Amino acid sequence: MPSRAHPVRGYLYIASATFLWGVAATLGRAAFTGRLLPKGQTLRPIDPLILSQSRATFSFGILLFALVLLRGWRRLRLPAADVGRMFALGILGVAASNYFYYLAIQRTNVATAIILQYTAPILVLLYTVARGRQRPTLQRVVAVGLAVAGIALVIGIFSSGGFRLDTIGVMAALGAAVSFAIYNIGGHSILARYDRWTVLLYVILGASLFWIVVNPPWKIVAAHYSGGQWLFLVLFSLLSVLAPFSFYFAGLQHLEPTRAIVVSCLEPVFSIVIAAVALGEVMRPLQAVGIVLVLVAIVVVQLPDRGFQEEITLVEPME
């Protein structure tokens, strides 16, 4: 932590980032249902693929312009091998995670999508234990058990009416968790060597190039999106990527990464509350209990193990 760090300021920065990600989740749900405009007005729904693609592409363009203006081209040049690794993270981590996350929001609801994606720390833990990089302590075994129980309650396995959620939506949310875990596992060595903004630039460039191959520009033109929809997509990119990451990176100047990640667990809370207020999404009591269990498990996973040398701390979210 820097010598002139201000922890309270760091907590406020991280909380601001998580709040914006929560707002973005609700806006994504509104975009998929056509409920973007007030007073009963509707806007034609936007596909999760388009939302993921435009989010990455617009964010890359704006971030590239800002970094070139502030730093120049030379400071953005990286070895080809590292660029390839970042592109892989952009495809397997960011593009996949974003698409599955927004597909889950479209097919289920904000609460289900985000809480299942946030089980990524448990997947990272299982990976590091399997590789011998962390120990299967009682604390961690309990965390895994809490997470599994929480997931079961969230998706309604134990509800009186049986499993009611959309199967594709639930699988997409779990796919987002796997992709987020891949991003975390692959991102540590790169983030140890390069500035976070530079890594973010190349990661979202990789995601953008991938989406261009999957969904070429002429297909986007053929969709005939309106000016209002394009304006929303640009603003969504600022709100869901550049603004929250600015706050998050500012918070890391005042907090250790472990504390920052724990504070970022406010994101599911903000997302669920905002969606409930703005869109009227309602949770059953058992789902609320499941959400609490998953959040507790995430915090427990982040607690340090002083008896073991190598710890894995999650990198920042990629909502």
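These are brief notes on a predicted model, ordered from the whole chain down to single residues.

1. Confidence. The model is predicted. Mean pLDDT for the protein chain is 82. A value of 70 or more is reached by 86% of the residues. By element, helix α8 has the highest mean pLDDT, at 93. Helix α11 has the lowest, at 70. Read details in α11 with that value in mind.

2. Fold content. The protein chain has 13 helices and zero strands. From the N terminus on, every element in the run is therefore an α element. Take contacts with a separation of 6 or more: 87% of them join residues 24 or more positions apart.

3. Burial and surface. The protein chain has 319 residues, and 51% of them count as buried. The exposed area is about 14,500 Å². Carbon and sulfur atoms supply 68% of that area.

4. Main core. The largest nonpolar core has 43 residues. Leu 63, Met 86 and Tyr 248 have the most contacts inside it. The elements that give two or more residues to this core are α1, α2, α3 (80-107), α5 (120-130), α7 (167-191), α8 (196-214), α10 and α11 (257-263). Helix α8 gives the most, with ten residues. Helix α8 is also the element with the highest mean pLDDT.

5. Second core. A separate core of 39 residues is present as well. Its members include Leu 51, Tyr 118, Ile 151 and Ile 298.

6. Aromatic pairs. The structure holds 16 of them. One is formed by Trp 21 and Phe 245. Their geometry is edge-to-face, with 5.3 Å centre to centre and 85° between the planes. Trp 21 sits in helix α1 (residues 7-33) and Phe 245 in helix α10 (residues 227-252), so this pair ties together parts that are 224 residues apart in sequence. Both residues are buried.

7. Aromatic cluster. Trp 21 and Phe 245 also belong to one aromatic cluster, together with Trp 197, Tyr 248 and Phe 249. Tyr 248 appears again among the core residues with the most contacts.

8. Ala 243. This residue is found in helix α10. Ala 243 is partly exposed, because its relative accessibility is 27% and the buried class stops under 20%. Its C-alpha atom is separated from that of Trp 21 by 9.4 Å, although the two residues are 222 residues apart along the chain. Leaving aside neighbours within four places in sequence, Ala 243 is in contact with Leu 20 and Leu 238.

9. Ser 271. Helix α12 (residues 266-279) holds this serine. Ser 271 has 0% relative accessibility, so it counts as buried. Not counting residues up to four places away in sequence, Ser 271 touches Trp 21, Gly 22, Ala 25, Thr 26, Val 110 and Ile 114. The C-alpha atoms of Ser 271 and Ile 115 are separated by 9.7 Å, and these residues are 156 residues apart along the chain.

10. Arg 55. Here is a charged-residue check worth making in the viewer. Arg 55 lies in helix α2 (residues 48-71). Its relative accessible area is 2%, so Arg 55 is buried. What does its side chain make a polar contact with? The partner is the side chain of Ser 240, at 3.0 Å.

Key
Residues are numbered from 1 along each chain as its sequence is written. This is a predicted model: local features need pLDDT of at least 70, side-chain atom pairs count only at pLDDT 80 or more; totals for chains, interfaces and linings use all residues. Side-chain values use heavy atoms; hydrogens and water are left out. Helices (H or I, at least four residues) and strands (E, at least two) are DSSP runs, numbered from the N terminus. Buried means under 20% relative accessible area, exposed over 50%, partly exposed in between (1.4 Å probe, protein chains only). A polar contact is a pair of N or O atoms within 3.5 Å; within protein, one must be able to donate a hydrogen and the other to accept it, and residues adjacent in sequence count only if both atoms are side-chain atoms. Rings of Phe, Tyr and Trp (its six-membered ring) pair if their centres lie within 6.5 Å; planes under 30 degrees apart count as stacked, over 60 as edge-to-face and the rest as tilted. A nonpolar core is a set of buried Ala, Val, Leu, Ile, Met, Phe, Trp, Tyr and Cys residues joined through side-chain atoms within 4.5 Å. pLDDT is the predictor's confidence in each residue, from 0 to 100. Contact means heavy atoms within 4.5 Å. Accessible areas come from the Shrake-Rupley method with a 1.4 Å probe; for residues, only the protein chains shown count as cover.
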